[in-house]
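Colleague: I am new to this structure and would like a close look at a single part of it, the central sheet. Could you take me through that part slowly, along with what lies around it?

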Amino acid sequence: MTAGTLNDMAGKNALVTGASRGIGRAIAEGLAARGAAVAVNYVSNKDAADSVVAAITAAGGRAVAIGGDVSSEEHVAAMFQQAETELGQLDIVVANAGIVINKPFAEHTVEDFDKTFETNARGAFLVLHQAAARIRDNGRIIAISSGGTRMLLPGTTLYLASKGALEQIVRGAAMEVGHRGVTVNTVSPGFTDTDLLTDDFRATAADMSPLGRVGTPEEVAAVVTFVASPAASWVTAQNIGAGGGVF
Ligand code: NAP
């Protein structure tokens, strides 16, 4: 591999769930900057997804916006079908879409449990399930967890429980697709400057990092794009932190 090339994903096709905003947007833009054609998934924010596609296109890349709820089996199957029809067989799939319901454990409801697990755990299962069956040989499957699964963080019990399920799905999937050269990994961000991070927690989050700040979506995307790159062919079944030292 030639050092310094940033076109190592030319000819590759990628799907990033939850790519209309935040970390997913930065991942989609990072993959496109390295030459991949990218399917930009969103659930409700079509305008935001269209603006990601416009930004990628303006920078000389190729992208399409695809709506769909990752918790729906039908939507996820249709999302993969549309991505394959518009871009071709996928080489890179990033299960990034996620939600958090911040509450003390005692106040959580069964509805909170269902909503959290439907998006974060069932969604990761459905996306990885499709990816394992459809991705091209030597492909890259990445799921986005949270470094919080390695911390003691109040107010995030259901969120981190659902991410714990996602991390185990990654390990199981990795064992079964490795014979095709496909890698499956988790990337775990720390506190990152997106809509998901509540304003009242930002200062505390910054203090928890040795670097004294929260991360940018681009800093997380840099790790994801490496794991998605040809250079990461010997990295599989891992949980790689991108958290500025908070865990
Ligand atoms: P964000 O800014 O809130 O963006 C969430 C994205 O997910 C949006 O694109 C949203 O689409 C999409 N989405 C939500 N529910 C969906 C569903 N059911 N189906 C499809 N797409 C859905 O979040 P973020 O901070 O970038 O988080 C991205 C990932 O990083 C998540 O898995 C999160 O748990 C993880 N993470 C974040 C942090 C952090 O500090 N920010 C830390 C650790 C881990 P719409 O725009 O259409 O709503």
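Modeller: What follows begins with the sheet as a whole, turns to one of its strands, and then moves outward to the surroundings.

Please keep in mind that this is a predicted model. The sheet is open and has seven strands, which pair in parallel and follow the order β3-β2-β1-β4-β5-β6-β7. At its edges stand β3, residues 62–67, and β7, residues 239–242; each of these has a single partner strand, so one side of each is left without a neighbour in the sheet. Going from one strand to the next, the twist averages 20 degrees. On the side of the sheet order where β3 is found, helix α2, made of residues 46–58, lies across β2 (37–42) and β3, and the helix runs at about 170 degrees to β3.

The strand I would study with most care is β5, which comprises residues 140–144 and pairs with β6, residues 183–189, in the parallel sense over five bridges. Within that pairing, Ile-141 has Val-184 of β6 as its bridge partner. β5 also pairs in the parallel sense with β4, residues 92–95, over four bridges, and here Ile-92 is matched with Arg-140 of β5. How many residues of β5 are buried? Five of the five are, so the strand is largely enclosed by the rest of the structure. In a regular strand, side chains alternate between the two faces of the sheet. For β5 both faces are covered, since Arg-140, Ile-142 and Ile-144 on one side are buried, as are Ile-141 and Ala-143 on the other.

The loop between α4 and β5 contains Asn-138, and this residue offers a contrast with the buried strand, because Asn-138 is exposed, with a relative accessible area of 53%. Its backbone also deserves attention, as the phi of Asn-138 is near 65 degrees, a positive value in a residue other than glycine. Most residues other than glycine have a negative phi. A further case is Ala-237, whose phi is positive at about 60 degrees although it is not a glycine; Ala-237 is found in the loop between α7 and β7 and is partly exposed, with a relative accessible area of 31%.

Helix α4, residues 110–134, holds Thr-116, which counts as buried because its relative accessibility is 1%, where the cut-off is under 20%. Leaving aside neighbours within four places in sequence, Thr-116 is in contact with Ile-99, Ile-101, Ala-121, Leu-158, Tyr-159 and Ser-162.

One of those contacts, Tyr-159, leads on to the ligand, because Tyr-159 is listed among the closest of the 31 residues that surround the ligand, together with Ser-20, Asn-96, Lys-163 and Thr-194. Oxygen atoms of the ligand also approach polar backbone atoms of the protein: one such distance is 2.7 Å, to Asn-96, another is 2.8 Å, to Asn-45, and a further one is 2.8 Å, to Thr-192. Taken alone, the ligand exposes 910 Å², and the protein buries 95% of that area.

How values were computed
Residues numbered from 1 in each chain as written. Predicted model: local features only at pLDDT ≥ 70, side-chain atom pairs only at ≥ 80, totals over all residues. Heavy atoms only, no water. Pairing = 2+ DSSP bridges. Helix = DSSP H or I, 4+ residues; strand = E, 2+ residues; numbered from the N terminus. Axes fitted to C-alpha atoms, helices over the stretch in contact; angles between N-to-C directions. Contact = heavy atoms within 4.5 Å. Near = heavy atom within 4 Å. Polar contact = N/O pair within 3.5 Å; in protein donor to acceptor, adjacent residues only side chain to side chain. Areas by Shrake-Rupley, 256 points an atom, 1.4 Å probe, with all protein chains shown as cover. Buried < 20%, exposed > 50% of the residue type's maximum accessible area, 1.4 Å probe, protein only.
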